[in-house]
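Me: Could you take a close look at one part of this chain, the loops, with attention to backbone geometry and to what the loops hold or join? Please give one connected account rather than a list.

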Amino acid sequence: MLTEIAILFASVAILATLFVKYKYGYWKRRNVPYLEPTFPTGNNKRFFPKGFAIGQLSQYFYDEFKARGLKMGGVFLGLDPNLVLLDPEDVRTVLIKDFNSFVDRGIYMTNKVPITVHMVSQRGPEWRNARVKYTSVFTSAKMKIMYDTMKGCIKNMMPTLDDSSDRNLDVDVMDTIARFTTDSVGASIFGLECNCFKDPDAEFRKLGRHIFEQFSLADKMRFFMTVYFPKLAEEIGISNVQPEVTEKFSKIIKETVEFREKNNVSRKDFLDMLIQLKNSGVQMTMDEIIGQTYIFFIAGFETSATTTTMTLFELAENQEAQDRLREEVMSTFEKNNNDFPYESIMEMKYLGQAVDETLRKWPPVQTFPRTCVQDYKFPGKNLTIEKGTKVIIPVLGLHRDPDYYPDPEKWNPDRFEDRNKKLPAYYPFGDGPRNCIGSRFALMQIKLALATILMSYKVFPSPVTKKPLELDPDTFVITVKPRVHLKFKKI
Ligand code: HEM
């Protein structure tokens, strides 16, 4: 009996080894240069990272293949083959020209847990339907409606900065700006007063921090399952959103929608537009509203807060650029009768250049994927990848490649002087039909924050910030560790 059990175990072990060997032979069989994987994580050496650390990982892939003079290379995440693209021409082919073969991202979702189903994770026809439906709430006209709400929120930030200036304190910039963007997203999207300045532990701020910073061991295990065994996780209905976050967020949205419908309340916000769409006969369930508003919340505050923080950091390091930008901001303010109407914020040229350059050097989304939805042959190459294979766009690697951006570590807004010139490798908001739907909202929020701050304060480096800045490997949205601190001096 013991011999039989031993034989059974040995056979299973041999079969499993052969299976893994076969899986890890994917790129070799296609003659694609690749990085040697190890079971079970493939080329990802980190087992239980907070945010999968995919940004830094993709930078490592980029550097490895670039050093070998390659334009693409194969890697494995878990057992799955991923193709890393280094050539902007190939990136264009995947994102735009042959988009129909790469409609999906391949990001985890399961219909068993509605909060995981949203525009970022949806696939094929479901994604197309959602994109068409929600495009109408992201137009410039709709942004203008939300702009006034946003302006109200930025005022709440000023007493905190005044106080830091008066007491010569070092400001934790990311925390301060994230409180503004949480207020702004909370008010513009859900019509909720989050009050993050009056109460630093306001419910929405706590929720925001929880999403990006707090993971129990059970959360990490679930996350691991959804990344490395997504099919099994989908089948069982495992969520990659922390249960407390799911519960709190769903409750807030459900109660707000029900209250508005019952009391016929109409507000100038995003949720109102969704309710109007629903009432005009567009099919929309409560689960759908929860999933989509959840992604707008998490995509909306952290990315904008990082971009604003890193622009302020660079301006503190580059006082000449700061003075130049302040001149533009002040003259725009005066020209508009001491106000910043929506158009004036969006049209300031040097402000646009400064934000574009920050998005190059510090792209909040350091990498994003596409999944091939049908077998695909790369034009002009002897390479066919199968349905289900993932393609990685290594944004950070491309944005910091000296071949495209000489002296890439230097923050230089003059790179974007010619506003009509399309840069060869620039993807802060992705590209093609599946690019970022919220880019207008984000730019409005970031530029309003910067213009308002620069009107009232000079920003200086603080000795608390350790230089050179180091990227935090444990976050999904680009973050530096330790966090950026600056000094704000009232003008
Ligand atoms: C600086 C701020 C932001 C950055 C850098 C950013 C970046 C990105 C990137 C790189 C993608 C993937 C694009 C692709 O795959 O081609 C994306 C997708 C997306 N973003 Fe943003 N984003 C920002 C702000 C926002 C905001 C404010 C919202 C909503 C309020 C938002 C909602 C979304 C959604 C829903 C998608 C998925 C679109 C689709 O699949 O159709 N983002 N974003």
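Reply: With a relative accessible area of 72%, N264 counts as exposed, because that value lies over the cut-off of 50%. The model is a predicted one, and the angles and distances that follow should be read as properties of that prediction. N264 lies in the loop between α12 (243-263) and α13 (270-279), where its phi is positive, at about 55 degrees, although the residue is not a glycine. As background, most residues other than glycine have a negative phi, and most peptide bonds are trans.

A second asparagine can be described in similar terms. N31 belongs to the loop between α2 (26-29) and α3 (54-67), and its phi is near 60 degrees, again a positive value in a residue that is not glycine. N31 also counts as exposed, because its relative accessibility is 72% and the cut-off is over 50%.

The loop between α2 and α3 also contains P40, and the peptide bond that joins F39 and P40 is cis, with omega at about 5 degrees. This loop therefore deserves inspection at two places, the positive phi of N31 and the cis bond before P40, if one reads it against the general tendency that most residues other than glycine have a negative phi and most peptide bonds are trans.

A further cis peptide bond joins K467 and P468, here with omega at about -5 degrees. P468 is found in the loop between β8 and β9, and the strands on either side of that loop, β8 (residues 457-461) and β9 (residues 485-490), pair in the antiparallel sense over 5 bridges. Within this pairing, Y457 stands opposite K490 in β9. Strand β9 also pairs with β3 (residues 171-172), likewise in the antiparallel sense, over 2 bridges, and one of the bridge partners can be named, since D172 of the chain is matched by H485 in β9. Strand β9 thus takes part in a pairing with β8 and in another with β3. For anyone following side chains along these strands, in a regular strand they alternate between the two faces of the sheet.

The last loop to consider is the one between α18 (395-399) and α19 (439-456), which holds C436. The SG atom of C436 is at 2.3 Å from the iron atom of the ligand, and C436 is the only protein donor of that iron.

Notes
Residues numbered from 1 in each chain as written. Predicted model: local features only at pLDDT ≥ 70, side-chain atom pairs only at ≥ 80, totals over all residues. Heavy atoms only, no water. Donors = N, O, S within 2.8 Å, 3.2 Å for Na, K, Ca; no water. Helix = DSSP H or I, 4+ residues; strand = E, 2+ residues; numbered from the N terminus. Pairing = 2+ DSSP bridges. Buried < 20%, exposed > 50% of the residue type's maximum accessible area, 1.4 Å probe, protein only.
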